[in-house]
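I opened this one with a notebook beside me and a few simple things to look up. Here are my entries, in the order I made them.

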Amino acid sequence: FYWDKSLGLSTRAKTLLELSDSAPLKSRKVIVSERDRHVICFGASPLGSNVQDRLLIRFSSQENPFLWTADTTNTAGDLRIGSGSEIVTAVAVGDAVFWMGYDRFYIYDGRVNIIPCSVRDHVFNDFNETQSEKVYAGVNTAFGEVFWFYPSQTNAVSNGGTGENDK
């Protein structure tokens with residue numbers, strides 16, 4: 001959603017789809033980068049399509065949430081992750097974006113890299129993929145940390161749990 005403060009409190013926010021003819025029609029996660037103010041959609045539909053690509057990242061031009069078509073006069077664009085099956089959730093920190101897949105953690109800081117993680121097997125062997133929509137990412141900038149809250153298999157409804165984030 002986009003709300004224009006200059007129009008006053010009586011004006012309702014509108015979706016980017018109402019305000020742009022090139023914004024993604026579908027996406028799993030939408031964030032705004034802290035420093036350069038790009039709107040970033042993860043698991044987005046390609047330009048001109050309503051078919052969701054769970055590995056496609058699209059971003060608007062800097063400081064312009066309505067411009068999504070890349071050309072030489074703007075910074076809009078897209079990037080398709082070369083491996084994996086789906087972006088679960090993501091968070092932007094400084095000039096980098098971090099996200100959790102179904103088997104690894106990733107960073108994009110100009111290129112995509114896998115984040116080494118000593119607890120990777122512990123996390124992904126107990127990750128309840130059927131509840132992946134509930135994954136939440138956060139940051140602790142004081143210590144340069146990125147963290148994810150996720151639902152575990154241990155807490156799955158089929159195991160007598162709630163199915164909610166518990167790890």
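**A bridge in the sheet**

I began with one residue pair: I107 has N113 in β8 as its bridge partner. A reminder to myself that this is a predicted model.

I then asked which strands that bridge belongs to. Strand β7, residues 105–108, pairs with β8 in the antiparallel sense, and I counted three bridges over that pairing.

**The whole sheet**

Stepping back, I traced the order as β5-β6-β7-β8, an open sheet of four strands with antiparallel pairing. Why do β5 and β8 each have one side without a neighbour in the sheet? They stand at the edges, β5 at 89–93 and β8 at 112–114, and each has a single partner strand, so one side of each is left without a neighbour. I also looked up the twist, which averages 25 degrees from one strand to the next.

A general note for the margin: strands of a sheet pair through backbone hydrogen bonds, in a parallel or an antiparallel sense.

**The β5 end**

Next I went to β5 and its partner. Strand β6 covers residues 96–100, and β5 pairs with this strand over five bridges, again antiparallel. One residue pair I picked out is V91 with its bridge partner F98 in β6.

I followed the chain round the hairpin of β5 and β6, where two residues sit between the strands. There G94 takes a positive phi near 60 degrees.

Is β5 mostly covered or mostly open? I found this strand mostly covered, with four of its five residues buried.

**The cavity**

I searched the whole structure for cavities of 30 Å³ or more and got one. The largest cavity holds about 50 Å³ of space. Its lining includes L55, I81, W99 and Y106, and also the run S83, G84, S85, E86 and I87. G101, Y102 and D103 are among the lining residues too. By class, I noted six nonpolar, four polar and two charged residues in that lining.

**A last stop at S45**

My final lookup was S45, in the loop between β2 (39–42) and β3 (56–59). Buried or exposed? S45 has a relative accessible area of 0%, so this residue counts as buried.

I wanted to know what surrounds S45, leaving aside its neighbours within four places in sequence. Its contacts include P24, L25 and K26, along with N50, V51, Q52 and D53. L56 and R58 are also among them. For K26 I checked the spacing as well: S45 and K26 are 19 residues apart in sequence, yet 5.3 Å apart in space, C-alpha to C-alpha.

Note on methods. Residues numbered from 1 in each chain as written. Predicted model: local features only at pLDDT ≥ 70, side-chain atom pairs only at ≥ 80, totals over all residues. Heavy atoms only, no water. 1 Å grid on protein atoms, 1.4 Å probe; cavity = no way out; pocket = protein on both sides within 12 Å on 5 of 7 lines; lining within 4 Å. Points joined across faces, edges and corners; volume = space filled by probe spheres on them. Nonpolar A, V, L, I, M, F, W, Y, C, P; charged D, E, K, R; others polar. Pairing = 2+ DSSP bridges. Axes fitted to C-alpha atoms, helices over the stretch in contact; angles between N-to-C directions. Buried < 20%, exposed > 50% of the residue type's maximum accessible area, 1.4 Å probe, protein only. Contact = heavy atoms within 4.5 Å.
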